[in-house]
Amino acid sequence: MNKDVKKIITGVKTSDGKGVQLTRLIASPALEILDPFLLMDAFGSAEPQDYIGGFPPHPHRGFETVTYMFAGKMRHKDSAGNSGIIETGGVQWMRAGKGIIHSEMPEQEEGLLSGLQLWVNLPASHKMSPPSYQEISKADIPTEIRDNTCFLKVIAGKTKNATQGIINNDLVDPLYWDIHLSEHAIFNDEIPRGHNAFIYVIKGTVKINTTNISQKQLAVLSDGGSQIEIQAEPSARFLLVAGKPLNEPVARGGPFVMNTDDEIKQAFADYESGSLALSI
Ligand code: FE
């Protein structure tokens, strides 16, 4: 059985950090959570005032952030002593674990800055694990070409043709594929049974069964079956993302996501006392 579209999300306009304009697709009124995905923000503007403020130093605890740049450059710096630039086509998969303080600032003063940030939950057993991160440049992302009509960048998970993504995460066994289809091409593959899955259309329009999904829309896929077939209308670029649900209680408090409200209070207390992470 092929998967179908369960819900289409257009997201809500909001701003975060120091005035960065973004569209919130997950953690929005229409889609509070898609376990294990806690939040997804899309940013994209050629107007510097929409992004120049960036995200000055702020903490995280209890989950992972995945930043994927479509255009432009973002500089990051964190309390563990790491720093670097995520360039166009690059991915940063960061485990905040027990706590990190970081800044995410545009490394440009003009031109297009566009990308996505996804928050992936950690199970209770790993919420207080040491922070770590994997930073992958465009050139290091495995690719796959099918029949000259379908081009895939395999960031996480394994395709039907056995291309293995570069990100390791055995906690939610994620798929994170960036798929480019030429005119009217059809993509099909398999999503592990029981995973929650969505697509996000970066460019163009795609069709799943009889439902069209337009640029900048997110479509939550139905639970049944494991096969997925997606057709470009006429050409398109989209992400296919899936992960194993954790089925644990979720308590949120701004930049912290834990299992209970007491753990959120503790996170704020640890941040204030300086024991969550060193400041940068
Ligand atoms: Fe952050």
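How do the residues of the lining of the largest pocket divide into nonpolar, polar and charged? Keep that question in mind while you open the structure, which is a predicted model, and follow the stops below.

**First stop: the largest pocket**

Begin by selecting Ala 42, Phe 43, Gly 44, Tyr 200 and Lys 216, since among the 22 residues that line the largest pocket these lie nearest its centre. The space you are looking into has a volume of about 440 Å³.

Next, colour the strands that contribute to this lining: β2 (12–16), β3 (20–26), β4 (37–45), β6 (63–71), β11 (113–121) and β17 (196–208) each supply at least two of its residues. Pause on β4, because the largest share of the lining, four residues, comes from that strand. The opening question can now be answered, for the lining of the largest pocket is made up of eight nonpolar, nine polar and five charged residues.

**Second stop: the second largest pocket**

Now clear the selection and pick Asp 16, Phe 55, His 58, Glu 104 and Gln 117, which lie nearest the centre of the second largest pocket, itself lined by 17 residues. Its volume is about 310 Å³.

To see which strands take part here, select β3, β4, β5 (55–60) and β11, each of which supplies at least two residues of the lining of the second largest pocket. With β5 highlighted, you have the strand that gives the largest share of this lining, namely four residues. If you colour the lining of the second largest pocket by residue class, you should find eight nonpolar, five polar and four charged residues.

How values were computed:
Residues are numbered from 1 along each chain as its sequence is written. This is a predicted model: local features need pLDDT of at least 70, side-chain atom pairs count only at pLDDT 80 or more; totals for chains, interfaces and linings use all residues. Side-chain values use heavy atoms; hydrogens and water are left out. On a 1 Å grid over the protein atoms alone, a cavity is a set of points where a 1.4 Å probe fits but cannot get out, and a pocket is an open set with protein on both sides within 12 Å along at least five of seven lines; lining residues have an atom within 4 Å of a point. Grid points are joined across faces, edges and corners, and a volume is the space filled by probe spheres set on the points. Ala, Val, Leu, Ile, Met, Phe, Trp, Tyr, Cys and Pro count as nonpolar, Asp, Glu, Lys and Arg as charged, and the others, Gly among them, as polar.
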